[in-house]
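Here are some exercises to work through with the model open beside you. Try each task before reading its solution.

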Amino acid sequence: MEYAMKALIIGGVAAGATAAARIRRLDEHAEITIVERGPYVSFANCGLPYHISGAIEKRSKLLVQTPEGFMSRYRVQVMLNTEAIAVNRNSKQVTVDTKTAEGSTEQALAYDVLLLAQGGTPVFPNIEGIDAPHVFKLWTIPDMDKILKHIKEQSPRNAVVIGGGFIGLETAEAFVERGLTVTIVEALDHVMPQLDAVYGRHVEDQFKERGAAVYTNAVVKKITDTAVILGNGTAIPADLVLVSAGVKPNTELAQKAGLEIGKTGGLAVDEFLRTSDPWIWAAGDMIEIESKISNAKVRIPLAGPANRQGRIAATNAVLAWHSGKSMPESMSMLTPMSYKGALGTSVIKIFDTTLASTGLSFTQAKRAGLPVREVSLIKGNHAGYYPGAEDILLTLVYNEKNGRLLGAEAFGKQGVEKRIDAVAVALHAGLTVYDLAEIDFAYAPPYSSANDPLNMAAFMAVNNLSGYSPVISMDEIETSLKNPDAVLWLDVRNYGEYAKGHIKNSLHIPVDELRDRIDEIPRDKPIYCISVGGFEGHLAVRMLKQHGFKHVKNISGGWSHLKFMRGLSIE
Ligand code: FAD
């Protein structure tokens with residue numbers, strides 16, 4: 001019989017398990033081995049917080065595959081509790097160490113193609129008390145088991161979550177659902193710090209409404225048996241602490257083997273996900289990739305990219321090994337697949353709300369040096385006259401030179417992720433706000449409006465670019481705040497909305513009274529129109545412009561954005 005390719009995969013969860021299955025679909029004769037240092041293969045790490053909350057009742061649902069399942073379906077050998085400790089690239093062998101109850105055994109495994117899919121490891125900051133038994137991380141099934149055991153046996157009452165990113169927030173929600181008193185501590189200005197501040201603040205509100213506390217710009221100095229102590233001396237009662245303060249890629253093995261590491265600390269790969277060694281490919285959280293929008297080198301530790309990269313790396317490894325030999329007829333139609341970078345599209349459930357984003361936030365786009373603008377609006381997820389409409393807050397980020405879409409963020413209850421997914425497709429295709437304004441989205445009253453919120457946001461962006469209805473964004477407002485009396489804050493919301501809170505010294509004229517009261521508006525200052533979520537502000541801008549007002553702009557996102565700005569005098 002012909003020599004069978006030996007494919008060795010280090011890491012057996014998202015990217016590794018996908019790669020193994022793909023290799024088998026390509027090459028029925030390959031000898032495929034997964035080496036996994038943990039006790040489970042292909043488990044649903046994304047589901048861990050939901051088992052803690054109780055939403056996923058059965059722990060067994062998290063075990064997507066078993067070694068037996070891999071063997072019977074794919075003829076893949078899975079070595080659990082086995083750590084790859086060295087790669088000898090010359091002899092094409094990996095030394096692995098298997099732990100059993102009796103001790104550990106080392107052996108060398110030969111490979112023809114090696115796939116690294118080792119993921120990342122949560123960062124444990126150097127804080128006094130971080131090794132205490134009531135301090136946890138949530139990364140694996142055993143991590144989850146330990147948290148649940150602590151909850152069951154110690155009945156903790158006060159949980160502190162250090163880090164307000166995805167996993168921190170999902171787990172904080174799970175703790176709230178379990179009836180614990182929860183505090184989130186975030187070192188940066190807002191939770192979900194990769195998004196624009198306003199979205200983080202909406203999320204913080206969701207936690208506060210449910211009795212949780214959120215500390216931002218807060219560093220943890222010390223963890224004691226009963227409290228988490230912040231840098232400013234605040235002591236937060238804590239008998240359960242979750243540390244979720246970032247993830248670092250597992251590149252030690254690759255580094256030791258002399259493989260090239262990228263600028264971001266992720267393993268460097270080319271567009272075919274090949275490392276600096278021609279017979280080693282890599283995929284998932286451990287690698288450095290390109291942002292599809294800024295082309296900058298980034299690390300995007302998310303399950304979607306990891307799974308697709310696993311598939312691509314596997315395909316390329318198999319094709320590389322077979323090329324030059326007789327390529328089996330069954331794969332002769334395939335060519336190497338390139339990975340074109342990631343958008344970082346993501347979504348998170350926060351109680352009964354959803355937060356989603358794709359591409360770059362306004363802040364990220366500015367940091368990347370792009371000529372950027374943003375528009376934000378609030379609009380119902382479907383026609384207001386059909387029962388149950390819920391507001392969506394939506395931001396489009398785009399290039400001010402050519403209107404090309406750069407990203408989007410959205411927050412609300414229903415229909416948030418479908419808008420973000422639509423923008424993800426638009427970003428992938430390189431579309432502009434002009435394109436988005438023209439796209440036909442599915443419409444019937446229970447699902448959307450005849451102009452979908454995405455169309456409306458695109459109209460706003462187009463109107464802004466042309467100057468027909470200029471929009472002022474949050475960073476421009478921040479600049480204006482240095483001299484707030486130099487502008488006129490024209491609040492066009494109704495009386496009830498205005499009474500809930502408004503900018504001190506703003507002029508209040510509801511939009512429906514504006515025509516009749518136009519003489520009350522001074523003409524010697526730039527005018528910023530404040531509405532609930534942007535739409536009435538647009539009406540006001542158009543009205544005023546036609547009455548000869550020159551410097552008039554609509555505040556993007558209206559009061560929903562403004563109320564979160566620091567430095568405004570609100571009464
Ligand atoms: P992993 O899935 O982490 O797998 C790497 C494996 O390699 C590990 O099992 C590790 O034990 C093994 N390994 C490492 N080194 C060695 C070695 N030397 N020898 C042997 N084995 C080794 N992403 C989303 O997109 N959406 C979500 O909702 C989401 N929720 C998440 C919730 C939680 C609690 C967690 C932990 C992650 C979540 N993620 C989510 C992230 C997502 O799970 C990861 O991006 C994805 O699993 C990365 O896949 P990977 O294969 O690169 O790494």
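**Exercise 1. Helix α12**

Task: Work out whether α12 is mostly covered or mostly open, and list its buried residues.

Solution: Keep in mind that this is a predicted model. A residue is called buried when its relative accessible area is under 20%. By that cut-off, ten of the 14 residues in α12 are buried, so the helix is mostly covered. Starting from its N-terminal end, the buried residues are Pro453, Leu454, Asn455, Met456, Ala457 and Ala458. Met460, Ala461, Asn463 and Asn464 complete the list.

Task: Check the length of α12 against the span expected of a helix.

Solution: Helix α12 runs over residues 453-466, which makes 14 residues. The expected span is 1.5 Å times one less than the number of residues. That gives 20 Å, and the end C-alpha atoms are 20 Å apart, so the two values agree.

Task: Find what lies at either end of α12.

Solution: Begin at the N-terminal end, where aspartate 452 acts as a cap. One of its side-chain oxygens lies 2.9 Å from the backbone nitrogen of leucine 454. Now go to the other end: α12 is followed by glycine 467, which has a positive phi, near 90°.

**Exercise 2. Around the ligand**

Task: Describe the shell of residues around the ligand by its closest members, its chemical make-up and the elements that supply it.

Solution: First, the count: 28 residues surround the ligand, and the closest are Ala15, Glu36, Ala84, Asp285 and Ala303. Next, sort the shell by type, which gives 16 nonpolar, seven polar and five charged residues. Finally, assign them to elements. At least two residues each come from α1 (14-26), β4 (82-88), α5 (166-177) and α8 (303-322). The largest share, three residues, belongs to β4.

Task: Identify polar contacts of the ligand with arginine 37, asparagine 45 and glutamine 118, then say how much of the ligand is buried.

Solution: The cut-off for a polar contact is a pair of N or O atoms within 3.5 Å. Take arginine 37: one of its backbone N or O atoms is 3.1 Å from a ligand nitrogen. Asparagine 45 uses its side chain, with an N or O atom 3.0 Å from a ligand oxygen. Glutamine 118 also offers a side-chain N or O atom, here 3.3 Å from a nitrogen of the ligand. As for cover, the ligand taken alone exposes 990 Å², and the protein buries 90% of that.

**Exercise 3. Aromatic pairs**

Task: Count the aromatic pairs and classify the one formed by phenylalanine 207 and phenylalanine 351.

Solution: Ring centres within 6.5 Å make a pair, and planes over 60 degrees apart make it edge-to-face. This rule gives five aromatic pairs. In the pair of phenylalanine 207 and phenylalanine 351, the centres are 5.0 Å apart and the planes are at 70°, so the pair is edge-to-face. Phenylalanine 207 sits in helix α6 (residues 197-209), while phenylalanine 351 is in the loop between β21 (346-350) and β22 (353-359), so the pair ties together parts 144 residues apart in sequence. Phenylalanine 207 is buried at 0% relative accessibility, and phenylalanine 351 is buried at 9%.

Task: Do the same for tryptophan 279 and tryptophan 281.

Solution: The ring centres are 6.2 Å apart and the planes meet at 70°, so this pair is edge-to-face. For accessibility, tryptophan 279 is partly exposed at 27%, whereas tryptophan 281 is buried at 1%.

**Exercise 4. Positive phi outside glycine**

Task: Locate methionine 192 and asparagine 217, and give their phi values.

Solution: Methionine 192 has a positive phi near 50°. Its place is the loop between β11 (181-185) and α6, and at 1% relative accessibility it is buried. Asparagine 217 also has a positive phi near 50°, and this residue lies in the loop between β12 (213-215) and β13 (220-223).

**Exercise 5. An exposed helix residue**

Task: Say where alanine 499 lies, and how far its C-alpha atom is from that of glutamate 571.

Solution: Alanine 499 belongs to helix α14 (residues 495-500) and is exposed, at 62% relative accessibility. Its C-alpha atom is 8.9 Å from that of glutamate 571, although 72 residues separate them along the chain.

Terms used. Residues are numbered from 1 along each chain as its sequence is written. This is a predicted model: local features need pLDDT of at least 70, side-chain atom pairs count only at pLDDT 80 or more; totals for chains, interfaces and linings use all residues. Side-chain values use heavy atoms; hydrogens and water are left out. A residue is near a molecule or strand if one of its heavy atoms lies within 4 Å of it. A polar contact is a pair of N or O atoms within 3.5 Å; within protein, one must be able to donate a hydrogen and the other to accept it, and residues adjacent in sequence count only if both atoms are side-chain atoms. Accessible areas come from the Shrake-Rupley method with a 1.4 Å probe; for residues, only the protein chains shown count as cover. Helices (H or I, at least four residues) and strands (E, at least two) are DSSP runs, numbered from the N terminus. Ala, Val, Leu, Ile, Met, Phe, Trp, Tyr, Cys and Pro count as nonpolar, Asp, Glu, Lys and Arg as charged, and the others, Gly among them, as polar. Buried means under 20% relative accessible area, exposed over 50%, partly exposed in between (1.4 Å probe, protein chains only). Rings of Phe, Tyr and Trp (its six-membered ring) pair if their centres lie within 6.5 Å; planes under 30 degrees apart count as stacked, over 60 as edge-to-face and the rest as tilted.
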